[in-house]
Amino acid sequence: MNTIATPGQFTWPVRVYWEDTDAGGIVFYANYLKFFERARTEWLRALGVEQQRLRDEVGGMFVVTATQVKYHRPARLDDLLLVTARVQEAGRASLTIEQTARLQAPDAGGDSPLLCEGSIRIGWVDVATMRPQRIPAAILDALMAS
């Protein structure tokens with residue numbers, strides 16, 4: 001899959017599969033959080049930051065500490081979504097990430113309707129103790145520069 005670069009924002013395409021939908025054929029509401037997680041993970045990967053390596057080599061990891069999600073329109077089976085992530089606020093041990101899921105327009109010049117938007121707060125913790133730690137400067141710098 002290809003990422004789409006917009007200054008200050010990362011975009012990741014996500015296809016809606018059968019497993020993502022409910023009995024009504026629309027995306028089950030909690031699955032937007034999964035889509036947001038995938039986009040954040042791929043954003044880190046695009047910056048050269050692999051989460052398993054962070055656990056193993058740095059001894060830290062990101063954990064979700066709070067979410068706020070607003071739903072606007074449903075996505076349906078086979079839709080292609082564009083899921084975005086960008087730093088909204090940065091602290092020493094946590095980040096607030098603004099995320100959206102939009103329906104990809106059928107043509108390049110079309111509108112991409114907003115389906116869901118959220119604010120996800122993630123904290124950096126020590127793997128062994130699960131206690132908050134400062135986000136390593138190299139990771140924070142990479143995220144803020146993207």
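# Meeting the fold through arginine 40

Arginine 40 sits in helix H1, which covers residues 31-46. That residue makes a handy starting point for a tour of this model, which is a predicted one. The protein chain contains 3 helices and 6 strands, arranged along the sequence in the order β-β-α-α-β-β-β-β-α. Its radius of gyration is 16 Å, close to the 15 Å that the globule rule gives for 146 residues, so the chain is as compact as a globular protein of that length.

**The chain as a whole**

- Along its principal axes, the C-alpha trace of the protein chain spans about 45 × 35 × 25 Å.
- Of the 146 residues in the protein chain, 36% are buried.
- Among contacts with a separation of 6 or more, 66% link residues that are 24 or more positions apart.
- The protein chain exposes about 8500 Å², and carbon and sulfur atoms supply 50% of that area.
- The chain carries 16 positive and 17 negative charges, and the mean positions of these two groups lie 5 Å apart.

**Arginine 40, a charged residue in helix H1**

- Is arginine 40 buried or exposed? Its relative accessibility is 8%, and because buried means under 20%, arginine 40 counts as buried.
- The side chain of arginine 40 makes a polar contact of 2.4 Å with the side chain of glutamate 37.
- A polar contact of 2.7 Å also joins the side chain of arginine 40 to that of glutamine 99.
- Setting aside residues up to four places away in sequence, arginine 40 touches Val64, Ala85, Ile97, Gln99, Ile120 and Ile122.

**Alanine 39, next along helix H1**

- Alanine 39 is also found in helix H1, and with a relative accessible area of 0% it is buried.
- Which residues does alanine 39 contact, leaving aside neighbours within four places in sequence? They are Phe10, Trp12, Val83 and Gln99.
- Gln99 therefore turns up in the contact lists of both arginine 40 and alanine 39, using contacts of heavy atoms within 4.5 Å.
- Alanine 39 and alanine 101 are 62 residues apart in sequence, while their C-alpha atoms are 9.9 Å apart in space.

**Alanine 142, in helix H3**

- Helix H3 runs over residues 137-145, and alanine 142 is found there.
- Alanine 142 has a relative accessible area of 22%, so it is partly exposed.
- How far apart are the C-alpha atoms of alanine 142 and leucine 47? They are separated by 6.7 Å, although the two residues are 95 residues apart along the chain.

**Two loop residues with a positive phi**

- As background, most residues other than glycine have a negative phi.
- Aspartate 78 is not a glycine, yet its phi is positive, at about 75°.
- Where is aspartate 78? It lies in the loop between strand E3 (60-71) and strand E4 (80-90).
- Aspartate 78 has a relative accessible area of 52%, and because exposed means over 50%, this residue is exposed.
- Methionine 130 is another residue other than glycine with a positive phi, in this case near 60°.
- The loop that holds methionine 130 is the one between strand E6 (114-126) and H3.
- At 45% relative accessibility, methionine 130 counts as partly exposed.

Note on methods: Residues numbered from 1 in each chain as written. Predicted model: local features only at pLDDT ≥ 70, side-chain atom pairs only at ≥ 80, totals over all residues. Heavy atoms only, no water. Helix = DSSP H or I, 4+ residues; strand = E, 2+ residues; numbered from the N terminus. Rg over C-alpha atoms; globule rule 2.2 N^0.38 Å. Buried < 20%, exposed > 50% of the residue type's maximum accessible area, 1.4 Å probe, protein only. Areas by Shrake-Rupley, 256 points an atom, 1.4 Å probe, with all protein chains shown as cover. Lys, Arg positive; Asp, Glu negative; His and termini not counted. Charge placed at Lys NZ, Arg CZ, Asp CG, Glu CD. Polar contact = N/O pair within 3.5 Å; in protein donor to acceptor, adjacent residues only side chain to side chain.
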